[in-house]
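Work through the exercises below with the structure open beside you. Try each task before reading its solution.

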Amino acid sequence: MAAFLLVESFLQAKYVMKISNYLLATVKESPADAEIASHKLMLRAGLIRKLASGLYTWLPLGNRALKKVENIVRNEMDKSGAMEICMPVVQPAELWLESDRWSQMGPELFRLQDRNDRDFCLGPTHEEVITDLVRKEYSSYRQLPAIFYQIQTKFRDERRPRFGIMRSREFIMKDAYSFHSDEESLQETYSIMHETYSNIFSRLKLNFRSVAADSGSIGGNTSHEFHVLADAGEDEIVFSTDGKYAANIELAEAHLHTPNKKEEKRDSKLVDTGDATSIDSITKLLGIDAKKTLKTLIVHGEDKEGNISNNLVALLLRGDQELNVTKTEKLKGIYSPLKFASNQLILKQTGSTIGSLGPKDLDIHKIADFSVEGLCNFVCGANMAGKHFTDMNWSENCSYDQVADLRMVQGNDKSIADRSPIEIKRGIEVGHIFQLGAKYSESMDASILDSNGKATLMQMGCYGIGITRLLASCIEQNHDEKGILWPSEIAPFRLIILQIDAHKSADVISISESLYNKSLIFDIESLLDDRDRKTSPGVKLTESELIGIPHRIVVSPRTLKENAVEYTNRQTGAKTKVHIEDIEKFLKETVCID
């Protein structure tokens, strides 16, 4: 009976993996709303189908590839010593109220009520749930460190879902959380997770960068993002060509590409500039370089409680530089989120309007960017409509109160590490790790007894990977004009066998099925295209290239006349004739171990 079941199982596997009985839902044209390569190819190759905005069904081919990504992530996480768990998708509002994120998350948080009118949400992340679990199960420093992870569906009500599964409302994420008795232990695990993430992305053969990043709504003081380099990326990342520096552009620092030259200071002059108020119009009017101008931006400050205040702050930047909002928001005394003052409020407090502002005699707190420290003989607003100063220099009446890094890094700047050139490229964020410290353990009273028997708050780390986004990122980096070029570890199948003109020769069917059976014996995941004459050879070949299976073998009357089959490597396009008697050896040496 056991032998019979084994045979039956084998036959079922053969049956399922024949295209005549498999949902191969390819389409010729890309849908009009598909903007990037991965979205187009995932739809055309039949990996996903749209149900509603930001919601997708995973079809058989896509689901197989997705599970393989999950398995790689799971394998590396298990190696790190993390314990896999599974937490509920539906979370009670009480936990989010404890952490004070119920209101902070805003409209992105899917909220619902049960039949008793109790508030719940669909989890976009699980910091609150895991903290609640650990505070109930752990009581001593001897039990720590502890690392937990899950691969779970998440929900975020994106304002504008786009790019297919790249930015959707439902997605699969690997989220992990670590708990520690002190910061040293947290740092050790953080380093382990950094290495684990690097191993995951390396196994997927991705061109990626790890960059210092802003922690955002998750919280904490230290975080790193992992970006897959791709033109479709929504983020810009900065890294030095020698690999010694990397950061998200929101936090990146760099030296200006051209230092301010020392020159003899001249006396300032008040000039008429009429309607010219922008840097572009001023430089054209006066015939000067934007590097010799200064612009003044006015924002709201904050009070002692961190609330918005009408005490205005002036931000001074060189005219050719752009303000970095994220870095500016981190400055003490600046209200966050950054809010620019209205023209009416500026006029009331300074007597001038936007476009004519400058630091001379400006009686509000002034923060200068490093780019303006060495400026001399520069042009700035005179705080009078239609007037500017030329050849202005820093003095008692034209000064600033503090200096800070306010500007956005530019592509031809120099690295702060060693002044090597930096590059700015687009990246897709696929992973983010955080040192949360006591952010959640403090608000949720998650403590343990230390070695002295004293209650102490646990230190916490958080580590996320977007599984579905990671799959799309692989396609962004691995495709050509014909279709997907799967990395071998996550290809839905390793081998596809095409029967061509089987109605002309019974040997085509017998040889291809024998080849298929041998591939299963060698543990090669194979797909047999056994469709009849209604599907042309051209369609079969085109579809095999579109879905991107790494290895293809064509069995046809033409090749069998030479007692051979035709092998094609999808990655290189190289074709080889393999004689029937050499097939087993070829499968072992080429297909099994690519």
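**Exercise 1. The whole chain**

Task: State how many helices and strands the chain has, then describe its extent and its burial.

Solution. This is a predicted model. Start with the elements: the chain has 15 helices and 30 strands. Next, take the extent. The C-alpha trace spans about 95 × 65 × 50 Å along its principal axes. Then turn to burial. The chain has 594 residues, and 51% of them count as buried. Finish with the contacts that have a separation of 6 or more. Residues 24 or more positions apart account for 70% of these.

**Exercise 2. The domains**

Task: List the domains of the chain and give the separation of the centres of domain 1 and domain 3.

Solution. Take the domains in order.
- Domain 1 covers 2-17 + 493-591.
- Domain 2 covers 40-89 + 122-253 + 424-475.
- Domain 3 covers 269-403.

Now compare centres, taken over C-alpha atoms. Those of domain 1 and domain 3 are 69 Å apart.

**Exercise 3. Helix H2 and helix H13**

Task: Explain why helix H2 is described as largely enclosed by the rest of the structure, then find what packs against its buried residues.

Solution. Helix H2 runs over residues 37-44. Count its buried residues: six of the eight, so the helix is largely enclosed by the rest of the structure. Name them: Ser 38, His 39, Leu 41, Met 42, Leu 43 and Arg 44. Now look for their partners. They pack against strand S1 (48-52) and strand S2 (55-58), and also against helix H11 (467-477) and helix H13 (537-547).

Go to H13 and look from the other side. Its buried residues are Lys 540, Glu 543, Ser 544, Glu 545, Leu 546 and Ile 547. These pack against H2, helix H3 (60-79), strand S26 (495-499), strand S27 (526-529) and strand S28 (551-555).

Last, check what follows each helix. Just after H2, Gly 46 has a positive phi of about 75°. Just after H13, Gly 548 has a positive phi of about 75°.

**Exercise 4. An aromatic cluster**

Task: Which residues form one aromatic cluster with Phe 226? Classify the pair of Tyr 197 and Phe 226 as stacked, tilted or edge-to-face.

Solution. A search of the whole structure finds 10 aromatic pairs. In the pair of Tyr 197 and Phe 226, the ring centres are 5.3 Å apart. The planes meet at 50°, so the pair is tilted. Now place the partners. Tyr 197 is in helix H6 (residues 183-203), while Phe 226 is in strand S10 (residues 222-229). With these positions 29 residues apart, the pair links distant parts of the chain. Check burial: Tyr 197 has a relative accessible area of 0%, so it is buried. Phe 226 is also at 0% and counts as buried.

Phe 226 has a further partner, Phe 201. That pair is tilted, with 5.6 Å from centre to centre and 50° between the planes. Phe 201 is in helix H6, 25 residues from Phe 226. Both Phe 201 and Phe 226 are buried. Now assemble the group: Tyr 197, Phe 201, Phe 208 and Phe 226 form one aromatic cluster.

**Exercise 5. A pocket**

Task: What is the volume of the second largest pocket, and which element gives the largest share of its lining?

Solution. The volume is about 350 Å³. The lining has 21 residues. Nearest the pocket centre lie Lys 295, Thr 296, Leu 297, Ile 354 and Gly 355. Sort the lining by element. Helix H7 (279-286), strand S15 (294-302) and strand S18 (378-381) each give two or more residues. The largest share, five residues, comes from S15. Then sort by class: 12 residues are nonpolar, eight are polar and one is charged.

**Exercise 6. Two single residues**

Task: Is Ser 352 buried or exposed? Do the same for Cys 121.

Solution. Locate Ser 352 in the loop between helix H9 (343-350) and strand S17 (365-369). Its relative accessible area is 3%, so Ser 352 is buried. Set aside neighbours within four places in sequence. Ser 352 then contacts Ile 346, Leu 347, Leu 357, Asn 383 and Met 384.

Now take Cys 121, found in strand S6 (residues 119-122). Cys 121 is at 0% relative accessibility, so it counts as buried. Beyond its neighbours within four places, its contacts include Val 89, Trp 96, Trp 102 and Leu 109. Cys 121 and Trp 102 are 19 residues apart in sequence, and their C-alpha atoms are 9.1 Å apart.

Definitions and conventions
Residues numbered from 1 in each chain as written. Predicted model: local features only at pLDDT ≥ 70, side-chain atom pairs only at ≥ 80, totals over all residues. Heavy atoms only, no water. Helix = DSSP H or I, 4+ residues; strand = E, 2+ residues; numbered from the N terminus. Buried < 20%, exposed > 50% of the residue type's maximum accessible area, 1.4 Å probe, protein only. Contact = heavy atoms within 4.5 Å. Domains from an automatic or database assignment. 1 Å grid on protein atoms, 1.4 Å probe; cavity = no way out; pocket = protein on both sides within 12 Å on 5 of 7 lines; lining within 4 Å. Points joined across faces, edges and corners; volume = space filled by probe spheres on them. Nonpolar A, V, L, I, M, F, W, Y, C, P; charged D, E, K, R; others polar. Phe/Tyr/Trp six-rings, centres within 6.5 Å; stacked < 30°, edge-to-face > 60°.
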